[in-house]
Amino acid sequence: MKIAVCIKRTPDSESRFKIASSQTAIDETGLKFDIDDFASYAVEVALQLNEKQGPGETVVYAVGPDLVQETLRKAMSMGADRAVQLKTDAVPYDGIAVAKALAAELKGGGYDLVLFGKHAFDTSGGIVGTATAELLGIPCVTAATKLEIANGRGTARRDLEGAAETVEFPLPAAVTIDEGIARPRYPSLKGIMAAKKKPLETKPAQLGAARVTVKSMDLPPERPAGRIIGEGAAAVPELIRLLQTEAKVL
Amino acid sequence: MANVLVFAETRGTALRKTALEAVTAARAFVDAIGGGEVHALVAGPSGVGATASQLGEHGADVVLVAENAGLEKFDRESITSTIAARATAVSYRAIFLGFSAQGRDVGPRVAAKLDLPIVTDVTEVQAAGDAIVVKHPAYANKVIVTLQVSGPSAVIAIRPSAVTATPSAKTAKVETIALAAEPSASRVVVKDVVEGGKGKIDLGEAPVIVSGGRGLKAPENFKLVEDLAAAFGNAAVGATRAVTDDGWRPHSDQIGQTGRQVSPQLYVAVGISGAIQHLAGMRSSKTIVAINKDKEAPIFKVADYGIVGDVMEVVPALTAAVKEAKAHH
């Protein structure tokens, strides 16, 4: 199968964040960036599908400045065959603007499957994958926790709140990938060496107009400092009293 | 004066809590921009129209009802087409919906189809002159982003539980509409829906969540967490990533950065150390209780009420005390 995977470069999610002096971005000083977690699951799913189904091609796409080339190389070191950078100085916050750039590039690419992460850690929007599918006019499954492809059709499972559904769909299609579907592989040394020689093409991103812009960023209000009310089962009556009279939740 | 459309999501013929939250948010927005009508679109199998009164009571002026036998199960494609067709025929200042599993699926499609800007997982909406300004927690809740949305219309997907559904005593006018596309023509077909368990309350809707971590030592000890949740009566059971990765609990129970992000009235953390990954999913809970044997555990930094102790001893005592408190209430 010919599979496209759209990935994003995001900061390490375990980091402590500070707001930049512009007040409209995070301070990137000292942050480690890598392929977004959900995008790495999508790459893994693509690689496993092509390994299982025989000859195919996995192509990774990223919108962004030249720094995303490192992220694209990482995906190729995992096993993707080639990469395309859709170049722009900064990735807009507007998910539809990004979806337009991806759809313009993917249209006519002959892909059987286009994969995305469920959302990216930084913008946490969950917009680009589903919107790109709509712009391409192909069916889409959002936040899949399981994906199988057989005879030109896909079967996916997705969590609903408190339930789960199994859906079927024809190819070509787009699927956004949730956690728990596959454990992304670590690049092998051989993979890392091979990735250096794999083709990475750079094209200008044909972004749509940005109609959603960042006005400001703030850190969430700190919770009041925690309080230990006692030790062992002896503290339970005091806890009940506080839940009833202070927190009023019981 | 401008009108707003709301997609009021249902499961079967019952409204979801997010539908009432979206209607409440839409009502407040319309009132803030100088008045106008809230139109709630509800689509489901025969009988779904009975939800109209509830939607009216939460601020809908008009309820657009599409009943179709093909909507026993959620059909993303015909619903997307129907919302888009309505918003093309009638101009709306905004289209509101919940950012739930359904909203995640429908919202971006509607935006792409109509070429509208979209903001998702929104916790606050304000009108600011010609623009709409929203707050949106990003970076796994570690940064609050204020976004400005320009243009004559936009799709706004509200984070579940961020808005409290509030009655505003309207009697909605009911209009019957037809779906813009037949569900039978949809390419993505729901084959099967497995309910999570009878009477199980979803993590996103539960006012109380009792969550367990590695401190429980073994999967069978999750019984303690389940018993405590049962004692509260209105509680859902959650888990840490360590526990779901080890297969003690299903992935869908995971609370944290990569799992569900919740903000219940009360969150009880049992045997949870409080890794950043977990805190990102629950730190916006109103009241946090933590029970852990290690008094240095980071969870105690965010817990309103912490008890240092063995979960095997403290949790059964708490379960008994909650039962008693409930009985006398």
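In this predicted model, a good place to start is a helix pair in chain B: α3(B) passes α4(B) in a right-handed crossing. From there the trail leads to chain A, since α4(B), residues 101-114, supplies eight residues, the largest share of the side of chain B that touches chain A. The two chains also share strands: β13(A) pairs with β18(B), and β9(A) is joined to β13(B).

**The α3/α4 pair in chain B**

- Helix α3(B) covers residues 76-89, and its axis lies 9 Å from that of α4(B), at an angle of about 45°.
- The two helices are therefore oblique to each other.
- On the α3(B) side, the contact is made by B:Arg76, B:Ile79, B:Thr80, B:Ile83, B:Ala84, B:Ala87 and B:Thr88.
- Facing them from α4(B) are B:Asp105, B:Val106, B:Arg109, B:Val110, B:Lys113 and B:Leu114.
- Sorted by class, the residues of this contact come out as seven nonpolar, four charged and two polar.

**Where the chains meet**

- Across the interface, 70 residues of chain A are in contact with 73 residues of chain B.
- Chain B's side of it has 36 nonpolar residues, along with 19 polar and 18 charged ones.
- Helix α4(B) turns up here again, with its eight residues on the side that touches chain A.

**A sheet built from both chains**

- Six strands make up an open sheet with parallel pairing, in the order β13(A)-β18(B)-β17(B)-β16(B)-β14(B)-β15(B).
- The edges are β13 of chain A (228-231) and β15 of chain B (235-239), each of which pairs on one side only.
- From one strand to the next, the twist averages 15°.
- Chain A's strand joins in through three bridges between β13(A) and β18(B), residues 305-308, running in the parallel sense.
- Looking at individual residues, A:Glu231 has B:Val308 as its bridge partner in β18(B).
- Chain A also packs a helix on this sheet: α6(A), residues 236-245, touches β13(A) as well as β17(B) (287-292) and β18(B).
- The direction of α6(A) makes about 155° with that of β13(A).

**An antiparallel link between the chains**

- Elsewhere, β9(A) (residues 163-170) and β13(B) (residues 189-195) run antiparallel, joined by six bridges.
- Within that pairing, B:Val194 of β13(B) stands opposite A:Ala164.
- Mind the labels: β13 of chain B spans residues 189-195, while β13 of chain A is the edge strand at 228-231.

Definitions and conventions:
Residues numbered from 1 in each chain as written. Chains lettered and ligands numbered in written order. Predicted model: local features only at pLDDT ≥ 70, side-chain atom pairs only at ≥ 80, totals over all residues. Pairing = 2+ DSSP bridges. Helix = DSSP H or I, 4+ residues; strand = E, 2+ residues; numbered from the N terminus. Axes fitted to C-alpha atoms, helices over the stretch in contact; angles between N-to-C directions. Contact = placed C-beta atoms within 7 Å. Nonpolar A, V, L, I, M, F, W, Y, C, P; charged D, E, K, R; others polar. Parallel < 35°, antiparallel > 145°, perpendicular 65-115°, else oblique. Left-handed = near helix turned anticlockwise from the far one by under 90°.
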